[in-house]
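Open your viewer and get ready to click along. We will visit one stop at a time.

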Amino acid sequence: MNIDAMTLFPGWFDWFAEQRHVRNAVERGLRLEAVDLRAATPLSAGKVDDTPYGGGAGMVIRVDVVEAALRDRYDVEAEEVRRTRRVIALAAGGRQFDDALAGELAGGGADLTLLCGRYEGFDERVLEHLASDVVSIGPYVLSGGELAAMVVLDAVIRKLPGALGHAESAVEESFSPALEGAPEYPHYTRPVEWRGHRVPDVLLSGNHAEIAAWRRTRSRERSQR
Ligand code: SAM
């Protein structure tokens, strides 16, 4: 899988790329690159934004700047790019990111481009005509799309083969199909008793069927709560 994060701050992704699970995935063929949105701007002095029509505070990232960045990167008309890869614009008001979408992106076979906004965000025509998806990581506003892109990428990359030390860790997790979309059950480790709080006896029983049933019940209870 090839992943490009298009951003005005490519350096933000240096730390992310160094993380163990990301490096594992890179060793297995993932290619992850941060692309400077400013590099191909057609405007003078590296300008990428402009004032909003209709007035109001802040600056808006121009559609022709994003168009130039996509064309420069993929060597096709910018509107064509989303036909061959998922072009994901990060926006607070977008479709809420969840485990199902992470699974779809990890397993769909398409390369990814993440468009990280800044300031007041992108000109709406970026979302309408250049992106294939508009994704939000939650109902709050970040200063830029970089952290949102890393959240999306982290959830996607840990589902790629070989990213995690234990592949099964990514199967039975909160919100996964294996748990019918419910939060994960509680985990315990040593000591067996801490300040009077004991690990549930069933987990010490060695009875795998009972442990599985207990876990399923706790997971469902959390979902209902
Ligand atoms: N004016 C925008 C609004 O009210 O929705 C906020 C723009 S925000 C300061 C700048 C950029 O951060 C956005 O273009 C987007 O790329 C990113 N961003 C902020 N919050 C986000 C969220 N919850 N999910 C995804 N991206 C977000």
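Which atom of L90 lies 2.6 Å from an oxygen atom of the ligand? Select L90 and the ligand: the partner is a backbone N or O atom of L90. Such a polar contact is a pair of N or O atoms within 3.5 Å.

A word on what you are seeing: this is a predicted model, in which local features need pLDDT of at least 70, side-chain atom pairs count only at pLDDT 80 or more, and totals for chains, interfaces and linings use all residues. Residues are numbered from 1 along each chain as its sequence is written, and side-chain values use heavy atoms, with hydrogens and water left out.

Next, select L142, where a polar backbone atom is 3.0 Å from a nitrogen atom of the ligand. Then try G145: one of its polar backbone atoms is 3.4 Å from an oxygen atom of the ligand. The protein covers 81% of the 580 Å² of accessible area that the ligand has on its own (Shrake-Rupley method, 1.4 Å probe).

Now show the whole shell: 19 residues surround the ligand, each with a heavy atom within 4 Å of it. Colour strand 5 (85-96), which supplies the largest share, 3 residues (strands are DSSP runs of E, at least two residues).

Finally, hide the ligand and look at residues D50, Y53 and R125, which are among those that line the second largest pocket. About 210 Å³ of space lies there. A pocket is an open set of points on a 1 Å grid over the protein atoms alone, where a 1.4 Å probe fits, with protein on both sides within 12 Å along at least five of seven lines; lining residues have an atom within 4 Å of a point. Its volume is the space filled by probe spheres set on the points, which are joined across faces, edges and corners.

Key:
A polar contact is a pair of N or O atoms within 3.5 Å; within protein, one must be able to donate a hydrogen and the other to accept it, and residues adjacent in sequence count only if both atoms are side-chain atoms. Helices (H or I, at least four residues) and strands (E, at least two) are DSSP runs, numbered from the N terminus.
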